[in-house]
Amino acid sequence: MPLATEGQFVTMEKETSNGPTQPKEKLSLSSCMSASYRYGSITSEPEDNILSSAETISPKRAYIAVAVLCYVNLLNYMDRYTIAGVLPSIQKYFLISDSTSGLLQTVFICSFMLLAPVFGYLGDRYNRKLLMVFGMIAWIATTLSSSFVTEAYFWVLVLLRALVGTGEASYVTIAPTIIGDLFTGTKRTLMISFFYIFIPVGSGLGYILAAKIASATGDWRWALRLNPILGGLGLVLLVLLIPNPPRGASENQGATCIERTTYWEDVKYLLRNRSFVWSSLGVTAMAFVTGALAFWTPTFLSRARVLQGLTPACSKEPCDPSDSYIFGGITVGTGIVGVLIGTSISRKLRNRVANADPLICAVGMLSSSPCLFIAIILAASSIPGTYACIGIGETLLSLNWAILADILLYVVVPTRRATAEALQIMVCHLLGDAGSPYLLGAISDALSKVKPDSPDWRFRSLEYSVLLCPFIGVLGGLFFLMTALYIKADRKAAEMLMKGETPVEDESTADSA
């Protein structure tokens with residue numbers, strides 16, 4: 001293969017295929033002699049503005065950047081589940097039903113989902129740091145504003161929760177790609193695991209702190225004001241400490257540049273990447289389960305306590321926050337343990353078993369489903385037994401968080417990772433947790449009409465609706481098993497593209513070995 005001299009590009013047309021039955025795709029590739037050229041989707045920038053990450057980003061600064069990104073990720077997930085932590089009080093304040101309550105989470109996820117592809121497109125082409133700063137400002141402003149909504153303007157709260165998704169879409173789509181451009185190999189796996197461990201930690205703290213602040217102040221609105229205050233610090237750290245590394249800087253080493261691919265070409269490439277497609281469907285099932293249970297579990301267990309006569313029904317806000325405390329604590333603990341175990345197993349098996357990562361995800365999903373099913377059934381008779389099964393189920397689900405992000409990073413070329421993150425976010429929220437809280441609330445409302453005046457039936461109607469989740473979990477496990485068939489070939493194809501080589505067709509066929 002001819003190499004470019006310093007300051008020149010030699011452009012070639014390469015054909016790729018993910019199988020003998022699939023259409024070939026053309027990519028414009030450039031062989032680069034020096035790492036001083038950006039590995040980017042669009043290479044229209046002046047060459048003197050393109051610097052090697054090795055020249056500008058020290059290891060110390062890279063680790064600091066990961067710490068800042070983890071802090072902001074923590075705040076994002078704390079905010080996402082703050083509403084769930086004080087949901088009974090919000091229901092009592094606005095006098096809203098289960099389905100209307102679920103709408104608060106659904107509109108947030110819908111805006112997050114719809115804007116993710118926009119930020120994915122921008123993140124593959126423009127300054128990622130500036131995009132995250134913009135999103136952070138929007139998130140702080142809308143979250144703080146939502147805490148001042150009065151009882152006559154519930155629709156304003158719904159609107160503001162939708163706008164909160166704008167800020168989170170920019171951050172969640174772009175942040176993992178920056179980590180992917182700062183580290184490679186097992187070190188990147190470790191950094192990604194640190195980043196994603198703050199999903200369950202932030203979610204759990206969201207319940208705990210929301211309930212604690214609402215209880216201490218007697219007003220659920222104060223629970224919504226903590227995150228914007230902490231977010232102000234995150235914004236400052238983001239501006240001062242986060243670099244904007246060249247795309248693919250950690251992997252390119254001056255080997256190949258992919259340039260001038262359109263958004264539609266990026267999408268076609270991803271749709272032909274079968275590991276990406278099947279893993280995205282698995283993530284979607286996981287999002288359905290975690291989104292629904294995360295939103296409804298504290299309320300469900302609160303009603304279980306009423307059914308067993310352990311606590312009286314909530315007659316005025318703030319309602320008893322004990323289940324938010326316990327569920328939040330379990331979510332934090334099991335999240336940390338699950339992510340660490342999943343990452344450790346992945347690092348040990350990956351070099352020996354090529355498809356270890358999707359198999360770990362499949363085992364996590366398939367084994368968590370019976371645990372969650374038993375937890376739901378036990379709620380009517382044993383709260384401690386329910387929490388024990390929830391703890392086991394959440395630990396098994398948490399095996400997947402860091403592994404899923406790493407799968408995307410190594411089966412997709414660097415210049416299409418933000419787009420891949422965005423499309424995966426859109427699909428998993430569209431078919432997953434965007435609708436699952438509302439769907440379960442709607443099923444509960446429909447069933448509650450059978451015996452509208454029965455407190456016992458109010459619990460049963462929600463119990464029957466959440467029983468849908470374990471079955472969706474089994475479906476997700478099957479999707480990850482399908483991913484395991486293609487992961488080896490798709491990873492090799494991505495590595496060959498980054499080296500400027502053409503993937504061999506028969507290597508892209510299913511490999512079940």
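**Close-up views of a predicted model**

**View 1. Threonine 177, a buried residue of helix α7.** In this predicted model, threonine 177 has a relative accessibility of 2%, and because buried means under 20% relative accessible area, this residue counts as buried. Threonine 177 belongs to helix α7, the helix that is made up of residues 154-182. When residues up to four places away in sequence are left aside, the residues that threonine 177 touches are Arg128, Arg417, Ala418 and Glu421.

**View 2. Isoleucine 83 in helix α3 and the residues around it.** Helix α3, which covers residues 82-85, contains isoleucine 83. Is isoleucine 83 buried or exposed? Its relative accessibility is 2%, so isoleucine 83 counts as buried. Leaving out residues up to four places away in sequence, isoleucine 83 is in contact with Ile90, Leu104, Arg161, Leu224 and Phe295. A further distance can be followed in this view, since the C-alpha atom of isoleucine 83 is separated by 8.1 Å from that of glutamine 105, a residue that stands 22 residues apart from it along the chain.

**View 3. The packing of helix α2 against helix α9.** Two packed helices are described by the angle between their axes together with the distance between those axes. For helix α2 (residues 59-80) and helix α9 (residues 226-241), the angle is about 160° and the axes lie 10 Å apart. Angles over 145 degrees count as roughly antiparallel, and α2 and α9 are therefore roughly antiparallel to each other. The crossing that these two helices, α2 and α9, make is left-handed.

**View 4. The residues through which α2 and α9 meet.** On the side of α2, the contact is made by Arg61, Ile64, Ala65, Val68, Leu69, Tyr71, Val72, Leu75, Met78 and Asp79, while on the side of α9 it is made by Leu226, Asn227, Leu230, Gly231, Leu233, Gly234, Leu237, Leu238 and Leu241. Sorted by class, the residues in this contact of α2 with α9 are 14 nonpolar, 3 polar and 2 charged.

**View 5. The whole chain, as a setting for the close-ups.** The chain has 20 helices and 3 strands, and of its 513 residues 60% count as buried. Among contacts in the chain with a separation of 6 or more, 84% are between residues that are 24 or more positions apart. The accessible surface of the chain is about 19,300 Å², and carbon and sulfur atoms account for 66% of this surface.

Conventions
Residues are numbered from 1 along each chain as its sequence is written. This is a predicted model: local features need pLDDT of at least 70, side-chain atom pairs count only at pLDDT 80 or more; totals for chains, interfaces and linings use all residues. Side-chain values use heavy atoms; hydrogens and water are left out. Axes are lines fitted to C-alpha atoms, for helices over the stretch in contact, and angles run from 0 to 180 degrees between N-to-C directions. Helices (H or I, at least four residues) and strands (E, at least two) are DSSP runs, numbered from the N terminus. Angles under 35 degrees count as roughly parallel, over 145 as roughly antiparallel, 65 to 115 as roughly perpendicular and the rest as oblique. A crossing is left-handed if the near helix is turned anticlockwise from the far one by less than a right angle, and right-handed if clockwise. Contact means heavy atoms within 4.5 Å. Ala, Val, Leu, Ile, Met, Phe, Trp, Tyr, Cys and Pro count as nonpolar, Asp, Glu, Lys and Arg as charged, and the others, Gly among them, as polar. Buried means under 20% relative accessible area, exposed over 50%, partly exposed in between (1.4 Å probe, protein chains only). Accessible areas come from the Shrake-Rupley method with a 1.4 Å probe; for residues, only the protein chains shown count as cover.
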